[in-house]
Amino acid sequence: MEESTSKETGERVMFQFAYRQLELIPIRPQGQVQDVAVFIGEHFSKQVLLRKLEEAVSSA
């Protein structure tokens with residue numbers, strides 16, 4: 001799960017991606033919360049994942 005802010009609306013969203021299905025859920029946190037990403041799985045490289053996330057952020 002991850003919380004993020006939608007560029008279009010400015011609202012916060014929690015997303016989950018499991019079994020090739022994406023779920024986006026609008027949320028309204030009570031107070032200030034930090035954006036967090038948690039990755040759970042097997043057989044993936046932390047370094048490759050970090051590199052791809054950095055590429056995604058830099059191209060946004």
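The protein chain holds one helix and three strands, and from the N terminus on these elements follow the order β-β-β-α. The model is a predicted one, and the values below are computed from its atoms.

For the chain as a whole, 8% of the 60 residues count as buried, while the exposed area comes to about 5,800 Å², with carbon and sulfur atoms supplying 54% of it. Where contacts link residues at least 6 apart in sequence, 25% of them join residues at least 24 apart.

| Property of the protein chain | Value |
|---|---|
| Residues that count as buried | 8% of 60 residues |
| Exposed area | about 5,800 Å² |
| Share of exposed area from carbon and sulfur atoms | 54% |
| Share of contacts (at least 6 apart) that join residues at least 24 apart | 25% |

On the surface, Phe15, Phe17, Leu22 and Leu24 make a nonpolar patch of about 440 Å², and the elements that give two or more residues to this patch are strand E2 (12–18) and strand E3 (21–27). One of the patch residues, Leu24, has its place in strand E3; because its relative accessibility is 57% and the cut-off for exposed is over 50%, Leu24 counts as exposed.

Helix H1 spans residues 46–59, and its 14 residues reach 20 Å from the first C-alpha to the last, which is close to the 20 Å expected at 1.5 Å a residue. At the start of H1, the backbone nitrogen of Gln47 has a side-chain oxygen of Ser45 within 3.3 Å.

Definitions and conventions:
Residues are numbered from 1 along each chain as its sequence is written. This is a predicted model: local features need pLDDT of at least 70, side-chain atom pairs count only at pLDDT 80 or more; totals for chains, interfaces and linings use all residues. Side-chain values use heavy atoms; hydrogens and water are left out. Helices (H or I, at least four residues) and strands (E, at least two) are DSSP runs, numbered from the N terminus. The expected span of a helix is 1.5 Å times one less than its number of residues. A polar contact is a pair of N or O atoms within 3.5 Å; within protein, one must be able to donate a hydrogen and the other to accept it, and residues adjacent in sequence count only if both atoms are side-chain atoms. Buried means under 20% relative accessible area, exposed over 50%, partly exposed in between (1.4 Å probe, protein chains only). Contact means heavy atoms within 4.5 Å. Accessible areas come from the Shrake-Rupley method with a 1.4 Å probe; for residues, only the protein chains shown count as cover. Patches are made of residues with over 30% relative accessible area and no salt bridge: like charges are joined within 9 Å, nonpolar side chains (Val, Leu, Ile, Met, Phe, Trp, Tyr) within 5 Å. A salt bridge is a side-chain nitrogen of Lys or Arg within 4 Å of a carboxyl oxygen of Asp or Glu.
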